[in-house]
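Trainee: Could you take me through one part of this chain in detail? I would like to see how the rest of the chain is arranged around that part.

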Amino acid sequence: MTVVEFDERTLSIDAGVIGRGLNVEPSLVQVRMREGKITVLCERGFDEDAGRYRLTFFYENRRRFRLVVDEEGNAVQRSTVDFGDRPLPTSMRKRST
C-alpha cells in the first residue's frame, strides 16, 4: 500500500498515517506541526538502502514514529516508541542543525 507520494523534490503523507503512528487525532496533525509539537526528520538511503526513505516523526519529545518506504512510496517498516511521561532519551531526539 502506497503511504507516501513523491512529487519532484517533495514527499506527501496522509495525516491519518502520522496520526495513527503517534496516537494523535489526524485532524490535529497539521495543527501540531505548525505549533512545533510534531517534527519530522527525512533521510534518504544510500548503498544497500538506496531507493528507500526513512521518515521519523517526533511528538512532544515523548513519542517517536518511524516509517521506512521504498521509492514507490510503499511502507517497508513501521515502528512506534512511546515513553509515556518520560521524555525521549537524547539519543532518540531529532538532531538540531
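What follows is a close look at helix α1 and then at the loops and residues elsewhere in the chain.

Trainee: Please look closely at helix α1: which of its residues are buried, and what covers them?

Mentor: This is a predicted model, and every value below is computed from it. A short outline of the chain comes before the helix. The chain holds two helices and six strands. Read from the N terminus, the order of elements is β-β-α-α-β-β-β-β. Of the 97 residues in the chain, 29% are buried.

Helix α1 spans residues 15–22 and is mostly covered, with six of its eight residues buried. Those buried residues are G16, V17, I18, G19, G21 and L22. The cover over them includes strand β2 (10–13), helix α2, and the strands β3 (38–44), β4, β5 and β6 (75–82). On the scale of the whole chain, take the contacts between residues at least 6 apart in sequence: 39% of these join residues at least 24 apart.

Next comes the loop between α1 and α2, where N23 is found. N23 has a phi near 60 degrees, a positive value in a residue that is not glycine. Most residues other than glycine have a negative phi. N23 counts as exposed because its relative accessibility is 61%, and the cut-off for exposed is over 50%.

Helix α2 covers residues 26–35 and includes R32. Is R32 buried or exposed? R32 counts as buried because its relative accessibility is 18%, and buried means under 20%. Setting aside residues up to four places away in sequence, R32 touches K37, I38 and Y59.

The loop between β3 and β4 contains D47 and also R52. D47 has a positive phi of about 55 degrees, although D47 is not a glycine. At 63% relative accessibility, D47 counts as exposed. R52, at 35% relative accessibility, counts as partly exposed. What does R52 contact, leaving aside its neighbours within four places in sequence? The partners are E43, R44, G45, V68, V69, D70 and V76. One of these partners, V68, is 16 residues from R52 in sequence, and the C-alpha atoms of R52 and V68 are 6.8 Å apart in space.

Another loop, between β4 (53–59) and β5 (63–69), holds R62. R62 counts as partly exposed, with a relative accessibility of 33%. R62 and G84 are 22 residues apart in sequence, while their C-alpha atoms lie 6.2 Å apart in space.

The surface is the last item. About 6,800 Å² of the chain is exposed, and carbon and sulfur atoms supply 42% of that area. On the surface, E5, D7, E8 and D14 gather in a patch of negative charge. One member of the patch, D7, belongs to strand β1, which runs over residues 4–7.

To return to the request: the buried residues of α1 are G16, V17, I18, G19, G21 and L22, and their cover includes α2 together with β2, β3, β4, β5 and β6.

Technical notes. Residues are numbered from 1 along each chain as its sequence is written. This is a predicted model: local features need pLDDT of at least 70, side-chain atom pairs count only at pLDDT 80 or more; totals for chains, interfaces and linings use all residues. Side-chain values use heavy atoms; hydrogens and water are left out. Patches are made of residues with over 30% relative accessible area and no salt bridge: like charges are joined within 9 Å, nonpolar side chains (Val, Leu, Ile, Met, Phe, Trp, Tyr) within 5 Å. Accessible areas come from the Shrake-Rupley method with a 1.4 Å probe; for residues, only the protein chains shown count as cover. A salt bridge is a side-chain nitrogen of Lys or Arg within 4 Å of a carboxyl oxygen of Asp or Glu. Lys and Arg count as positive and Asp and Glu as negative; His and the chain ends are not counted. The place of a charge is taken as NZ of Lys, CZ of Arg, CG of Asp or CD of Glu. Helices (H or I, at least four residues) and strands (E, at least two) are DSSP runs, numbered from the N terminus. Buried means under 20% relative accessible area, exposed over 50%, partly exposed in between (1.4 Å probe, protein chains only). Contact means heavy atoms within 4.5 Å.
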